[in-house]
Amino acid sequence: MRALILLGLVGLAAQLVDGSLGMAYGVTSTTLLLAIGTNAAAASATVHLAEIGTTLASGISHWRFGNVDWKVVAKIGIPGAIGAFAGATFLSSLSTELAAPVMSIILLSLGVYILIRFTAFGLPRGNLGKPLRRRFLAPLGLVAGFVDATGGGGWGPVGTPAILASGRMAPRKVIGSIDASEFLVAIAASVGFFVGIGSENINFSWVAVLLLGGVIAAPIAAWLVRHIPPRILGSAVGGVIILTNVRTLLRSEWIDASGGVQTAAYIIIAVIWAAAIAYSVREYRRDKANESVDAVESELGARPAGEKEETASA
């Protein structure tokens, strides 16, 4: 019973983070399942089965809060489903140990860019509103879906930073669209796992509690992402990407860092990340204050001279 309660809490926390930042449900949940001895294919299958429900709830919640671009969902979700089915089918015979560090370097670079770009300059507006092309989204979906199924998570960590870095969508739209399209990925991956390993290695009680926790958190996360300012949200997402991919690299065979080195790296990243978010909050408040002053000046400028004098004397 204690294990089930823990899994339920992990599902709730993971979906809260995933629905707010566009990533981490699969990675968080799979990590716990692997830690308690579940084999890789069964862990990923369990998480993806739970994600059928959590991503549906998350997608509906994001849609109701206006966070979803359905054209993007279709363009990235269908290729993502194809990639996820292929990844799930071949997971038992495919090793991603060598691919993981390479992918982490790419994602780490994107994370650094996003953290600096949003923290220092706010939401990129030069390309905002321009359409995202199928020739960009389709390959991205294939890769993200494949990585998601073989690694037990990766749809958000691959898809979210890549679209954010394009500067063509507001962060809440990116997160909502990625979360909604993950429903297709979860279904395809689950079918692939049933084909590849069957159902005997899947603990359906674990699926149920992960699903329950995620469904409870989904509407809360969708509300949060609509109300968190884009600049602050971008800084938060960038920090998550950096932290998770530095962790992967430090634990990889390429580096194999000691526990002390890993701890020191995490502390340094956490301090920089906290400072970046604090700076983004300060700059957001300053921008809002300036907007308020400009609005008042604009209103005064539009009034007749007599009203201006009355306002000034008051």
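## A walk around an all-helix model

Q262 counts as buried, with a relative accessibility of 12%. Buried here means under 20% relative accessible area, exposed means over 50%, and partly exposed is in between (1.4 Å probe, protein chains only). You'll find Q262 in helix α11, which covers residues 259–302. Beyond its neighbours within four places in sequence, Q262 is in contact with L250, R251 and A257, where contact means heavy atoms within 4.5 Å.

Before going on, a word on what you're looking at. This is a predicted model, where local features need pLDDT of at least 70, side-chain atom pairs count only at pLDDT 80 or more, and totals for chains, interfaces and linings use all residues. Residues are numbered from 1 along each chain as its sequence is written, and side-chain values use heavy atoms, with hydrogens and water left out.

Now the overall picture. The chain has 12 helices and zero strands; helices (H or I, at least four residues) and strands (E, at least two) are DSSP runs, numbered from the N terminus. Of its 314 residues, 46% count as buried. Take the contacts with a separation of 6 or more: 83% of them join residues 24 or more positions apart. The accessible surface comes to about 14900 Å², and 67% of that belongs to carbon and sulfur atoms; such areas come from the Shrake-Rupley method with a 1.4 Å probe, and for residues only the protein chains shown count as cover.

Two of the helices, α4 and α9, have kinks to look at. The bend at a residue is the angle between axes fitted to the seven residues ending there and the seven starting there.

| Helix | Kink | Proline shortly after |
|---|---|---|
| α4 | about 25° at G77 | P79 |
| α9 | about 35° at A218 | P219 |

Helix α4 runs over residues 70–90, and its end C-alpha atoms are 30 Å apart, which agrees with the 30 Å that its 21 residues should span at 1.5 Å a residue. The expected span is 1.5 Å times one less than the number of residues. At the N-terminal end of α4, D69 acts as a cap, with a side-chain oxygen 3.1 Å from the backbone nitrogen of K71. The buried residues of α4 include V72, V73, I76, G77 and P79.

Helix α9 (residues 204–227) has 24 residues that should span 34 Å at 1.5 Å a residue; its end C-alpha atoms lie 35 Å apart, which agrees. Among its buried residues are W206, G213, A218 and V225.

What about the inside? The largest nonpolar core has 43 residues, and L33, I76 and I163 have the most contacts inside it. Helix α8 (residues 171–197) gives the most to this core, with seven residues. A separate core of 10 residues includes L108, L115, A265 and A276. A nonpolar core is a set of buried Ala, Val, Leu, Ile, Met, Phe, Trp, Tyr and Cys residues joined through side-chain atoms within 4.5 Å. Not counting residues up to four places away in sequence, I76 touches L137, L140, G141, W155, I163, I178 and S181.

I175 sits in helix α8 and is buried, with a relative accessible area of 0%. I175 and V225 are 50 residues apart in sequence, yet 8.0 Å apart in space, C-alpha to C-alpha.

Last stop: D256, in the loop between α10 (230–251) and α11. D256 is exposed, with a relative accessible area of 58%. Although D256 is not a glycine, it has a positive phi of about 50°.

Methods:
A polar contact is a pair of N or O atoms within 3.5 Å; within protein, one must be able to donate a hydrogen and the other to accept it, and residues adjacent in sequence count only if both atoms are side-chain atoms.
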